[in-house]
Amino acid sequence: MLPEERELALNPIVQESVQHNKRTLLNTRNMTASLFGVAAGTLGLESYPGFLFYAVLSVLVSALVHFVAADGRPERYFYRPGRELWAGEVLGPLSSYVLTWTLFYGLVRA
Amino acid sequence: MNPIAGLLNFIGFLLLTHAVYSAHEHSALFANLPPTAAPTGSPAVTSLPTDIVLETLASVVVLCVGIVLASPPLKPIQWRVWAGRIEREERMTPEQKARLGNRRVGGPGTSGNPFRVLEERMGFWDVRSKRKEFADWVREGGKS
């Protein structure tokens, strides 16, 4: 038996909770991504600074989920906190970020 | 949604609306200015004033905190923690459950208590009454 299998047999994981947490994180990321797009468009960011802005604020959201929503103990709520919390669902909401970014850039600079 | 999250979201939304409107007015003001009226070194004209930038960033941070606080609470993934909390919730009165609100682990829309199978197992079989029923049936002629 592999060590990981053995660990899962001793301390089983509830799939239902894993999915609930993943969905909650995805919802948070989607909402905040559109919000970041509004801010980036208002500030008039272009090209790489805009993507850098998204990266920095995504780290902020991850930190908030890590310390506020998960009480600073993400291993209780995410199976692999590094991959599922800090890197999880970052690239999906990027499209909604670019959408609101370009929309508000056009609205404000018109 | 708890009241603090609602308040933060409200303040953040207000700040963001004001910042976007200010930025729009700023760009509209300088777009309509004749080229001679604009000070030389025009990058300073097109860039936003510092207060609008700061207001936008502050509103984003406030809204972020509000959204994270307003999101439904995470559920424990370790089986023993999860099952223990469900077991405790089963014994609560409806008022206690209502006070727990969306921090409940079980409740509608979830698979519920994993130990319910053990709670609802069948009792002992009453052999004497079954035997009497069978005897009556035989006495009546054995037709079902």
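I take helices (H or I, at least four residues) and strands (E, at least two) as DSSP runs, numbered from the N terminus. The model I am reading is predicted, so I note that local features need pLDDT of at least 70 and side-chain atom pairs count only at pLDDT 80 or more, while totals for chains, interfaces and linings use all residues. Residues are numbered from 1 along each chain as its sequence is written, chains are lettered from A and ligands numbered from 1 in the order in which they are written, and side-chain values use heavy atoms, with hydrogens and water left out.

I looked up salt bridges, each defined as a side-chain nitrogen of Lys or Arg within 4 Å of a carboxyl oxygen of Asp or Glu, and I found three over all chains.

In chain B, I find B:Glu87 paired with B:Arg91 in a salt bridge whose closest N and O atoms are 3.8 Å apart. For accessibility I use buried for under 20% relative accessible area, exposed for over 50% and partly exposed in between (1.4 Å probe, protein chains only), and B:Arg91 is exposed at 64%.

I then turned to helix H7 (residues 127-139) of chain B, where B:Asp136 and B:Lys132 lie four residues apart, or about one helical turn. These two form a salt bridge with 3.8 Å between the closest N and O atoms; B:Lys132 is exposed at 55%, whereas B:Asp136 is partly exposed at 28%.

B:Asp136 also meets B:Arg139 in a salt bridge at 3.1 Å, N to O, and this pair is three residues apart in helix H7 of chain B, again about one helical turn. I record that salt bridges sharing partners join B:Lys132, B:Asp136 and B:Arg139 into one network.
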